[in-house]
Number of protein chains: 2
Amino acid sequence: MKIVLDCHGGDNCPQAAVDGALAALERLPELELTLCGIEREIQTCLNGRAYDRDRLRILPAQDWISNEDSPTLAIRRKKTSSMVVALNSVAAGDADGIVSSGNTGALLAGAQLLVGRLPGVTRACLAPVMPTLEDGRDVVMVDGGANVDCRPDTYLEFAIMGDAFMRSVYGIASPRIGLLSNGAEAEKGNEATKLAHALLRESGLNFVGNVEARYVMNGVCDVLVTDGWAGNMALKSAEGMAHNLFEMMRRNIERGGLRAKLGYWLLRPALRSVKRRMSSDEIGGGAFLGVRGVVVKAHGASGAQAFCNAILSAHKLARGYVVQRIAEGLSASRRVCADTERA
Amino acid sequence: MKIVLDCHGGDNCPQAAVDGALAALERLPELELTLCGIEREIQTCLNGRAYDRDRLRILPAQDWISNEDSPTLAIRRKKTSSMVVALNSVAAGDADGIVSSGNTGALLAGAQLLVGRLPGVTRACLAPVMPTLEDGRDVVMVDGGANVDCRPDTYLEFAIMGDAFMRSVYGIASPRIGLLSNGAEAEKGNEATKLAHALLRESGLNFVGNVEARYVMNGVCDVLVTDGWAGNMALKSAEGMAHNLFEMMRRNIERGGLRAKLGYWLLRPALRSVKRRMSSDEIGGGAFLGVRGVVVKAHGASGAQAFCNAILSAHKLARGYVVQRIAEGLSASRRVCADTERA
């Protein structure tokens, strides 16, 4: 399984990308990695490090896309940037997937323009995975932020992609599909969501109905369908709350004197395991679904651990044939629609 | 200052409502309360309790509106329900405000139908207050869930109401107005939000630009403008995350043996103060803004403490003349618009 890593564009690049790559190679003996970026800089990061040279190669690029670049323009014009060169290697079939911590909009545009959408996909979506209260159970959000205004049938596309993701990556036979809404009842929602609800009910998927933002992380569904607007709000707000709670605790422990500090020391293993489960470093980036290859976006602030996790996650997606499963799901859905129309 | 309390419709009613009322009377010597509900049931809750009889009276009702009732139908048909009787006493000027933990939709519909909207208000909104990382600094969200599909100019109305709320209740001279979006840059947002951004920039309010859901509770603005759809997502998702984090900690402490239990005991004061700041009991319900009286919605699950806080909050709104300040704000905005059109 071959993954190409865009070594530029993130806050801690290229060092964190290279460190993450070496860690991933140690974890997975069958993994082959291509580091795409400015060769001299990557070589500097690799200097003196031990790694399996048969499984790591460098794909040279001349420059890179920054967060200030306009996404579509950058993809069209910066043809020798690490992101474009890496995406082209996926498009050419030289790699099964790509991991990048660079400009999210550019990666989304580039994935669609250079790697291309699967037949029947009108919008590719971002699919971040969130932890739930149930140990080992995660929920994938489709769309987690790529498309802010969606038509009702786009929600159905997202649901099919999320379903394929959960079947192929998590091995769940019949993923429970929930629709993010402001109430559990079918008649709750904004206009687009109410229409999407009706489409999902008729879809043949294991649709469990509306899910309120309050209960998303309680393990009530495996796939949470939403547009990238409400999805972004739910995701980022939860992230902010988690961050703020830990920050408030830290401040209160500091103010709490010796008693609180001793308490914290005793409680640290228990608190750390909660923090680890909720940390985006541990989750390791979201995939873009709907394109003809595995595309994983790592956070812009990714450290080595986050890069390693994103690479492992890309590997898991490629090994689970998620792209093929999505293509099959969309094609089956088109057949159902055609049959319904004929009937 | 007179507040009427709808004693039915919540999970712990009428006992929690009555207990909350008695607690509020003790806290505020100038407060007068009317308990609206089924007299016999309220009397049972009051039996044997000591309170100032000059400041507490009962307003009898025959029945009440449940969460299963259809909001507008219930308001129109259940004319002797505690919610309708209480709302009518506000409309008649017998009370300055109402607190209810009943059916949210019915309260919103009833507030608009019976108490009436202020001139220039097309949509009343729910205005929950959220804590921030900065001690003593809160942020009010308008709209926190009442209107799921909004036109761009409705966001401006919400902003004016939130501005008046923060000036009159918190005494902030020039509240910082933020617009909830998926990025800080002006060009980020869905179609409606981008148009709202342009209106807010021209509004004369202290508009600080887009605010991402991740940073809402970091104290970057005093008023967060959004529609009830994105607002509900951000609010409920943060609530869910806070609840789940505390629940995961509880489980890990249980599993962590003696060491973790001792640590928890030592750390309890510090953790409790975080939990209290984040608890909806402490925040005490959201107000409906845009109607001709103070209307405060307490959570359906409110206990005595939450009812007491909601009553204190209604009192604060009435004392700050929030209704008058909103009316003035809207009328000033209409003058600006008229001047701009003439110019």
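Buried means under 20% relative accessible area, exposed means over 50%, and partly exposed is what falls in between. Keep that handy for the exercises below, and remember that this is a predicted model.

**Exercise 1. Cysteines**

Work out how many disulfides there are over all chains, and say where A:Cys13 and B:Cys125 stand.

*Solution.*

Step 1. Start with the cut-off: a disulfide needs two cysteine sulfur atoms within 2.5 Å.

Step 2. Try A:Cys13. The nearest cysteine sulfur belongs to A:Cys7 and is 7.1 Å away, and A:Cys13 is in no disulfide. With a relative accessible area of 21%, A:Cys13 comes out as partly exposed.

Step 3. Now B:Cys125. Its closest cysteine sulfur is in B:Cys150, 9.0 Å away, so the two are too far apart for a bond. B:Cys125 has 0% relative accessibility and therefore counts as buried.

Step 4. Over all chains, the count of disulfides is zero.

**Exercise 2. Backbone oddities**

Find the peptide bond between A:Cys13 and A:Pro14 and the one between B:Val142 and B:Asp143, then look at phi of A:Tyr321 and B:Tyr321.

*Solution.*

Step 1. Recall the background: most peptide bonds are trans, and most residues other than glycine have a negative phi.

Step 2. Going from A:Cys13 to A:Pro14, omega is near 0 degrees, and the bond is cis. A:Pro14 sits in the loop between β1 (2-6) and α1 (15-27) of chain A.

Step 3. In chain B, the bond joining B:Val142 and B:Asp143 is cis as well, with omega about 10 degrees. Look for B:Asp143 in the loop between β7 (138-142) and α6 (152-170) of chain B.

Step 4. A:Tyr321 is not a glycine, yet its phi is positive, near 50 degrees. This tyrosine is in the loop between α11 (304-319) and α12 (322-342) of chain A. Its relative accessibility is 45%, so A:Tyr321 counts as partly exposed.

Step 5. For B:Tyr321, phi is positive too, at about 50 degrees. The loop between α11 (304-319) and α12 (322-342) of chain B holds B:Tyr321, and at 44% relative accessible area this residue is partly exposed.

**Exercise 3. Salt bridges**

Take the salt bridges of A:Asp153, A:Glu239 and A:Arg325 and name the partner of each.

*Solution.*

Step 1. The principle is simple: side chains of opposite charge can pair when their charged atoms come close. The cut-off for a salt bridge is 4 Å, from a side-chain nitrogen of Lys or Arg to a carboxyl oxygen of Asp or Glu.

Step 2. A:Asp153 pairs with A:Arg151, and their closest N and O atoms are 2.8 Å apart. A:Asp153 is partly exposed, at 35% relative accessible area.

Step 3. A:Glu239 meets B:Arg214, with 4.0 Å from N to O. This pair crosses between chains: A:Glu239 is in helix α8 (residues 228-255) of chain A, while B:Arg214 is in the loop between β9 (207-212) and β10 (223-225) of chain B. A:Glu239 is partly exposed at 26% relative accessibility, whereas B:Arg214, at 16%, counts as buried.

Step 4. A:Arg325 bridges to A:Glu328, with the closest N and O atoms 3.1 Å apart. The two are three residues apart in helix α12 of chain A, so about one helical turn separates them. A:Arg325 is partly exposed at 26% relative accessibility, and A:Glu328 is partly exposed at 44%.

Step 5. Want something bigger than a pair? A:Glu247, A:Arg250, A:Arg251 and A:Glu254 are linked in a network of salt bridges. Over all chains, the structure holds 28 salt bridges.

**Exercise 4. A charged patch**

Say which residues gather in the surface patch of positive charge, and which helix gives the largest share.

*Solution.*

Step 1. List the members: A:Arg259, B:Arg268, B:Arg272, B:Lys275 and B:Arg276.

Step 2. Sort them by element. Helix α9 (residues 257-278) of chain B supplies four residues, the largest share. A:Arg259 lies in helix α9 (residues 257-278) of chain A.

Step 3. Check the cover on A:Arg259. A patch residue needs over 30% relative accessible area, and A:Arg259 has 37%, which makes it partly exposed.

Key. Residues are numbered from 1 along each chain as its sequence is written. Chains are lettered from A and ligands numbered from 1 in the order in which they are written. This is a predicted model: local features need pLDDT of at least 70, side-chain atom pairs count only at pLDDT 80 or more; totals for chains, interfaces and linings use all residues. Side-chain values use heavy atoms; hydrogens and water are left out. Buried means under 20% relative accessible area, exposed over 50%, partly exposed in between (1.4 Å probe, protein chains only). Patches are made of residues with over 30% relative accessible area and no salt bridge: like charges are joined within 9 Å, nonpolar side chains (Val, Leu, Ile, Met, Phe, Trp, Tyr) within 5 Å. Accessible areas come from the Shrake-Rupley method with a 1.4 Å probe; for residues, only the protein chains shown count as cover. Lys and Arg count as positive and Asp and Glu as negative; His and the chain ends are not counted. The place of a charge is taken as NZ of Lys, CZ of Arg, CG of Asp or CD of Glu.
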